[in-house]
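Here are some short exercises to work through with the model open beside you. Try each task before you read its solution.

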Amino acid sequence: MATHKLFLLPGDGIGQEVMAEVERVIGWFNQRGVASFETESGLAGGTAYDTHGEAISDADMALADSADAVLFGAVGGPKWDGVDYDKRPEAGLLRLRKDLELFANLRPAICYPALADSSSLKRELVEGLDILIVRELTGGTYFGEPKTITDLGNGQKRAVDTTVYDTYEIDRIARVAFDLAKTRSNRVASSEKRNVMKNGVLWNEVVNQVHAESYPDVELEHVLADNCAMQLVRNPKQYDVIVTDNLFGDILSDVAAMLTGSLGMLPSASLGAPDGKTGKRKSLYEPVHGSAPDIAGHNLANPIAMIASFAMAMRYSLGMGNWAGKVEQAISATLDKGLRTGDIMQDGMTQIGTTEMGEAIVDELEAIA
Ligand code: IPM
Ligand code: MG
């Protein structure tokens with residue numbers, strides 16, 4: 001049996017609690033002998049800053065680089081509001097994405113049947129929802145230079161963020177989106193703002209080129225990012241795969257996530273390019289939700305997004321797609337039993353805490369396996 005090396009970065013706030021539940025699931029796999037996982041843990045975000053004076057240390061970056069997959073919790077919190085911009089908790093996550101070249105961020109928004117009534121939209125609009133946002137993750141406004149605030153000396157300051165994309169960056173993310181669409185409903189919606197941004201014009205052009213050259217049989221539409229946000233709350237099921245840039249992807253994925261009932265439900269995968277020799281991709285898996293400092297430490301957090309992120313790791317990095325499906329099934333079965341954390345609580349259901357949810361999912365896994 002191959003041993004998989006996992007590097008765990010729980011981060012801040014509820015990141016630590018939800019990661020503990022993934023460790024419970026990992027422990028189950030090791031104990032049952034169906035897989036062999038070796039784990040090592042590091043610090044990221046504010047907790048790393050408190051220890052090392054930076055949002056992630058070089059040593060932890062090296063461990064992340066050599067792992068088969070990185071599992072990441074969440075970072076940030078009011079405690080670090082005053083920290084220098086380049087040492088703020090989020091800088092740790094951004095360094096991981098950039099240095100490991102994790103350009104493809106996959107954010108599925110799936111509505112579990114048991115949660116269709118927790119959505120802010122009507123049941124019929126979200127029931128059965130299954131869309132995949134493919135967000136470019138290493139370019140655009142997040143990383144473009146210059147990125148500055150300049151004092152103009154007249155009592156005014158000027159802030160500059162730069163949005164930059166080169167052809168190859170758009171080309172490779174478009175290919176990821178088209179390839180994934182082929183495994184789903186074969187439809188891609190590409191979203192940008194070509195009506196006001198040169199970046200949108202080039203994005204549109206390159207996506208069309210890639211489509212014509214390599215994926216003529218995939219259905220492609222273009223939708224302006226503001227319209228896409230509106231369509232997501234009007235009729236989300238019209239979409240299959242949405243491909244978009246870093247900044248729009250950040251926003252559209254939060255919108256899509258909330259359609260499903262709770263941010264606490266959604267996993268994500270961040271993938272690099274396949275290695276020329278081994279075909280392996282660098283990868284990091286994290287829940288879409290943040291560190292929720294307001295509820296941290298009270299056994300209130302929903303560990304489902306984190307556990308589902310581990311399932312994505314099994315599917316995309318560890319060649320264990322079959323087991324990924326079983327973990328997802330165990331999550332669904334737990335919800336079908338009426339068990340809920342506070343964020344997805346509904347009348348008539350049973351409210352439980354973070355650890356109880358982790359335990360219940362492991363019990364279901366045991367039953368399914
Ligand atoms: C996300 C988060 C991050 C982002 C933050 C924490 C830097 O919102 O992963 O969506 O903006 O990308
Ligand atoms: Mg975000």
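**Exercise 1.** Find the helix that holds glutamine 329, then decide whether glutamine 329 is buried, partly exposed or exposed.

*Solution.* Start with the secondary structure of this predicted model: glutamine 329 belongs to helix 11, which spans residues 321-336. Next, take its relative accessible area, which is 44%. Buried requires a value under 20% and exposed a value over 50%, so glutamine 329 is partly exposed. Finally, pair it with threonine 141: the two are 188 residues apart in sequence, and their C-alpha atoms are 37 Å apart in space.

**Exercise 2.** Place glycine 261 and proline 267 in the secondary structure, and classify the accessibility of glycine 261 and of proline 267.

*Solution.* Begin with glycine 261, which sits in the loop that links helix 9 (246-259) to strand 11 (267-271). Proline 267 is in strand 11 itself. Now compare each value with the 20% cut-off for buried residues. Glycine 261 has a relative accessible area of 5%, so it is buried. Proline 267 has 8% and therefore counts as buried.

For the distances, use C-alpha atoms. Between glycine 261 and arginine 88 there are 30 Å, with a separation of 173 residues along the chain. Proline 267 and alanine 313 are 10.0 Å apart in space and 46 residues apart in sequence.

**Exercise 3.** Which backbone oxygen does the side chain of threonine 162 reach, and what is the geometry of the peptide bond from glutamate 145 to proline 146?

*Solution.* First locate threonine 162, in strand 7 (residues 157-162). Its relative accessibility is 17%, under the 20% limit, so threonine 162 counts as buried. From there, its side chain reaches the backbone oxygen of proline 146 at 2.4 Å. Proline 146 lies in strand 6, residues 144-151. Last, look at omega for the bond from glutamate 145 to proline 146: the value is near 0°, and the bond is cis. As a reminder, most peptide bonds are trans.

**Exercise 4.** Inspect the loop between strand 12 (283-287) and helix 10 (304-316). What is the sign of phi at alanine 292 and at asparagine 299?

*Solution.* Recall the background: most residues other than glycine have a negative phi. Alanine 292 has a positive phi of about 40°, and asparagine 299 has a positive phi of about 60°. Neither alanine 292 nor asparagine 299 is a glycine. Asparagine 299 also lies in the loop between strand 12 and helix 10. For accessibility, alanine 292 has 23%, which makes it partly exposed. Asparagine 299, at 27%, counts as partly exposed too.

**Exercise 5.** Which residues surround ligand 1, and how much of its accessible area does the protein cover?

*Solution.* List the shell: Glu90, Arg97, Arg107, Arg135, Tyr142 and Asp250. Sort it by class, and you get five charged residues, one nonpolar and no polar. Then go through the arginine contacts. A side-chain N or O atom of arginine 97 is 2.7 Å from an oxygen atom of ligand 1. For arginine 107 the corresponding distance is 2.8 Å, and a polar side-chain atom of arginine 135 lies 2.9 Å from a ligand oxygen. On its own, ligand 1 has 320 Å² of accessible area, and the protein covers 75% of it. To finish, find the site among the pockets: the space that ligand 1 takes is the largest pocket.

Methods. Residues numbered from 1 in each chain as written. Chains lettered and ligands numbered in written order. Predicted model: local features only at pLDDT ≥ 70, side-chain atom pairs only at ≥ 80, totals over all residues. Heavy atoms only, no water. Near = heavy atom within 4 Å. Polar contact = N/O pair within 3.5 Å; in protein donor to acceptor, adjacent residues only side chain to side chain. Areas by Shrake-Rupley, 256 points an atom, 1.4 Å probe, with all protein chains shown as cover. 1 Å grid on protein atoms, 1.4 Å probe; cavity = no way out; pocket = protein on both sides within 12 Å on 5 of 7 lines; lining within 4 Å. Sits in = over half its atoms within 2 Å of the grid points. Nonpolar A, V, L, I, M, F, W, Y, C, P; charged D, E, K, R; others polar. Helix = DSSP H or I, 4+ residues; strand = E, 2+ residues; numbered from the N terminus. Buried < 20%, exposed > 50% of the residue type's maximum accessible area, 1.4 Å probe, protein only.
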